[in-house]
Amino acid sequence: MIADWIDIGWANEIPVRGSRTMPVEGAGEIALFRTADGQVFALANRCPHKGGPLSQGIVHGHSVTCPLHNWNIALDTGRAQGTDEGCTPTIPVRIDGGRVLLCRASTLRAAA
Ligand code: FES
């Protein structure tokens, strides 16, 4: 049976206020973010505006600023903030014993 959660590594391997990326079965890329308060978020690595790489953006609070045109994206919902409109797929994350687990079905959907 295929597990519902994918173990993708240690939470502390993601830089604080930074990110790392993860390819998903050749279909796309997930961006993992760790915030200053230690929470981990996972989103498709593409901005809802024009697909900019969110992993290269600046993390502040629970948001990331896209490096291309400075849209702010909420890490928990994937929604563009302020007057901008759009949404990036997010993936539920669990931390278990310091390991980061991603919901398998959402990961495949987000990377498609
Ligand atoms: S592509 Fe992200 S703000 Fe334009």
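**A walk from Thr-107 outward**

Start at Thr-107, which counts as buried because its relative accessibility is 1%, where buried means under 20%. This is a predicted model. Thr-107 belongs to helix 1, which spans residues 104-111. Setting aside residues up to four places away in sequence, Thr-107 touches Ile-6, Met-22, Val-24, Ile-30, Ile-91 and Leu-102.

Some of those partners appear again in the largest nonpolar core. That core has 16 residues. Ile-30, Ile-91, Val-100 and Leu-102 have the most contacts inside it. Which elements give two or more residues to this core? They are strand 3 (29-34), strand 4 (40-44), strand 10 (99-103) and helix 1. A second, separate core holds 13 residues, among them Leu-43, Leu-54, Val-59 and Val-64. In soluble globular proteins, nonpolar side chains tend to be buried together.

Now take Val-100. Neighbours within four places in sequence are left out here. Val-100 is in contact with Ile-6, Asp-7, Ile-8, Gly-9, Trp-10, Ala-11 and Ile-14. Its contacts also include Val-40, Val-93, Arg-94 and Ile-95.

Two names from that list lead to the aromatic rings. Arg-94 lies over the face of Trp-5, at 4.8 Å from the ring centre. For Trp-10, the charged end of Arg-99 sits over the ring, 4.5 Å from its centre. How many aromatic pairs does the structure hold? The count is zero.

Next comes the sheet. Four strands form it, in the order 2-3-4-8. The sheet is open, and the pairing is antiparallel. Why do strand 2 and strand 8 each have one side without a neighbour in the sheet? Strand 2 (18-23) and strand 8 (90-91) stand at the edges, and each has a single partner strand, so one side of each is left without a neighbour.

Look at the join between strand 4 and strand 8. The two run antiparallel, and two bridges link them. Leu-43 stands opposite Thr-90 in strand 8. Leu-43 is also one of the residues in the second core.

Finish at the loop between strand 2 and strand 3, where Glu-25 is found. Is Glu-25 buried or exposed? Glu-25 is exposed, because its relative accessible area is 70% and exposed means over 50%. Glu-25 and Ala-112 are 87 residues apart along the chain. Their C-alpha atoms are separated by 9.7 Å.

Note on methods. Residues are numbered from 1 along each chain as its sequence is written. This is a predicted model: local features need pLDDT of at least 70, side-chain atom pairs count only at pLDDT 80 or more; totals for chains, interfaces and linings use all residues. Side-chain values use heavy atoms; hydrogens and water are left out. Rings of Phe, Tyr and Trp (its six-membered ring) pair if their centres lie within 6.5 Å; planes under 30 degrees apart count as stacked, over 60 as edge-to-face and the rest as tilted. A charge sits over a ring if NZ of Lys or CZ of Arg is within 6 Å of the ring centre and within 35 degrees of the ring normal. Buried means under 20% relative accessible area, exposed over 50%, partly exposed in between (1.4 Å probe, protein chains only). Contact means heavy atoms within 4.5 Å. A nonpolar core is a set of buried Ala, Val, Leu, Ile, Met, Phe, Trp, Tyr and Cys residues joined through side-chain atoms within 4.5 Å. Two strands pair if DSSP finds at least two bridges between them.
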